[in-house]
Amino acid sequence: MPNDIIKSPTKEFQAVVAFVFWFLATCCIYTAIVLYTANEQDLFDLAALSQRWTGDNLITRFEQLSLVLGAMAAAFSFLGGLVLFAFSKPFSESHSDWPSELKEIGSSLTVAWFLLPRRERQIALGALLMLTAIRFVISLLLHTFDDIASYSSFVQEKLIVVASYYPVPNNHILSNTISWLFYQLYPGYWWSMRVPILLVSTIGTIGWFLGLLRLTNFRIAAIATGLFSFLELSLFYAAEGRGYALIFVCCSLGFFCSFSLAKSQAKHTVCWLGLLVVGILGLYAVPTFAYFLVAAYSWLGWQLCRKGESSRLISFALVGAATVLGAVLLYTPVLLVSGPRALVHNKFVQPLAMARFFKELPTYLFRVEGALLGESHNGVLASFHVGSFAAGLVVIGFLLLVYAARTGRLAEYQTKRVLSVGMASLWFLLVPYLLMIAQRVQAPDRAFLFKAAFMFVLVGIELDWLLHQYRAMGRRLPIVLGCGAGLWASVQLGQLYKSNQLRFSYASNAHAAAQWLLDQQPGPILSHSPGYITSTTQFFIVKQRPASALRIDETPRQGVRYRYLINPTSAGLHAEQTHLPSLHLPKTENAEAVTIVSLW
């Protein structure tokens, strides 16, 4: 019972409490170090950016916050040590399970891999190499405004700017911090913005496959991982996604931790700590990770209550509360400099009126679930709403399998997969919408990208059952599966290319504008064009000639005589109307033509 656990804690509970305190202390120490990196001029600049404080006030607040964080770090560290030494069990005994748990997890994944036939291992490695090559090419070709803005506004700045300035949710702090670290090693765009994401995406793909392989079989793991990895949204965010690539890794680990914690006979210390770490880091990567956490903790809480394990509910509550507190500690610089509204009340999470929200909800769900099953508004599937209907069929088909499992119509191993991994995946697929409904917001598709991974687990379970019924296909089965996989990948890559044609046009125009400006006599530049044109052009100027002093202003500086003007062609200034050097950028879909002219 809970009281007994507190009076005479188990080794697991004792270790969990100690490491909760120690990890919270780590969050305090990291945040204090970030604050310590800022000098007075940095704080005056931050005050000017945020417009919430004067420079002197912000300096005072930073000093006070540093002292508070230092005191909290000391208190958490002391409490963690006290928990270990205050009870009768010695330190070594409290930690005796840690090495064995970690070794058991690693061994189970390794054994699951090497038990595969050689041909299946070759298929998996070949698919991974092809996927990595495709992601690599996409990372070279794609230049997006979000990435360029993150690189220019945060990664090239000081760490305190990354950790505290939050003008829009575009600042995915954890991802930008990792990119900032890479930038310190080598100041290049592709190295700092693309390499970390490619590494994270590859690790996430391998981990998801091995985890599913351990819980199911090769066919389910390959189908689920392959379909998700080649999904249009997944391909895009695996190369450009910044925080969303990190979110998938955290979701994968969080799912396997919560799934393992629901097993009564399992060892849990590592999984409790894993759930804590991925919860804090996931929220720090992108706050919408809360949608996943709602599913994870509701699933785990329900399983613990259903099995009557009330004693472990204390660890459950402790880890959940520590997750929220740890995220708040990491976000402390943002809360101070940019304010709480920037984080939790920005335009992307503004609640809609009750009547409007529920009126638009069916259309919204139809669009999101379609996108998560491969439908794109620019793709071939959109014309027939194939993705939207397929999502419904997948859920209905799985519910029929659940009925068959509960009525004893499936083999024992199939019943186990359907009622364990399958039911958990269904829960993680549907429950995140409860938080969205409570918020009355229409979160963008990318916020729910992790749900597609669980949808494809259901697809894998259903296809595995279906293919088991048609074992007579024999040697034709690999051909059928190969053709299906090739068709899926081709359609999704085609949709990815079509969806990003506008971005390719922006990048091409910005590159041409930057090259033209670099070829002219240097001089001040003023832009009256949209921000994405200005920032992208400035990015390509710096990328092509890092030492260039050319600077594009969006607001005229007093006393500056501008030599070049970037202006929408529709504003009345046309290239053919001047005899001075000029450049005309053609009109693209959804974007007006732009003219750059020399004013003197």
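T323 sits in helix α17, where helices are DSSP runs of H or I with at least four residues, numbered from the N terminus. With a relative accessibility of 2%, T323 counts as buried (under 20% relative accessible area, with over 50% called exposed and values in between partly exposed; 1.4 Å probe, protein chains only). Its contacts, defined by heavy atoms within 4.5 Å, are L275, L276, G279, I280, L283, L293 and Y297, once neighbours within four places in sequence are set aside. The structure is a predicted model, in which local features need pLDDT of at least 70 and side-chain atom pairs count only at pLDDT 80 or more, while totals for chains, interfaces and linings use all residues. Residues are numbered from 1 along each chain as its sequence is written, and side-chain values use heavy atoms, leaving out hydrogens and water.

The setting of T323 leads on to a helix pair. The axes of α15 (residues 269–285) and α17 (residues 313–330) come within 9 Å and cross at roughly 30 degrees, which makes α15 roughly parallel to α17. Here axes are lines fitted to C-alpha atoms, for helices over the stretch in contact, and angles run from 0 to 180 degrees between N-to-C directions; angles under 35 degrees count as roughly parallel, over 145 as roughly antiparallel, 65 to 115 as roughly perpendicular and the rest as oblique. The crossing of α15 and α17 is right-handed, that is, the near helix is turned clockwise from the far one by less than a right angle, with anticlockwise giving a left-handed crossing. On the α15 side, the residues in contact include W272, L275 and Y284, and on the α17 side they include S315, F316, T323 and L330.

A second pair, α8 (residues 145–155) and α10 (residues 173–185), has axes that come within 10 Å and cross at roughly 70 degrees, and the two helices are therefore roughly perpendicular to each other. This crossing of α8 and α10 is right-handed too. S150, Y151, F154 and V155 of α8 meet N176, S179, W180 and Y183 of α10.

Helix α20 (residues 354–371) has 18 residues and should span 26 Å, at 1.5 Å times one less than its number of residues; its end C-alpha atoms are 25 Å apart, which agrees. A kink of about 45 degrees lies at L361, shortly before the proline P362, the bend being the angle between axes fitted to the seven residues ending there and the seven starting there. L361 is among the buried residues of α20, as are F357 and Y364. These buried residues pack against α13, α21, α23 and α24.
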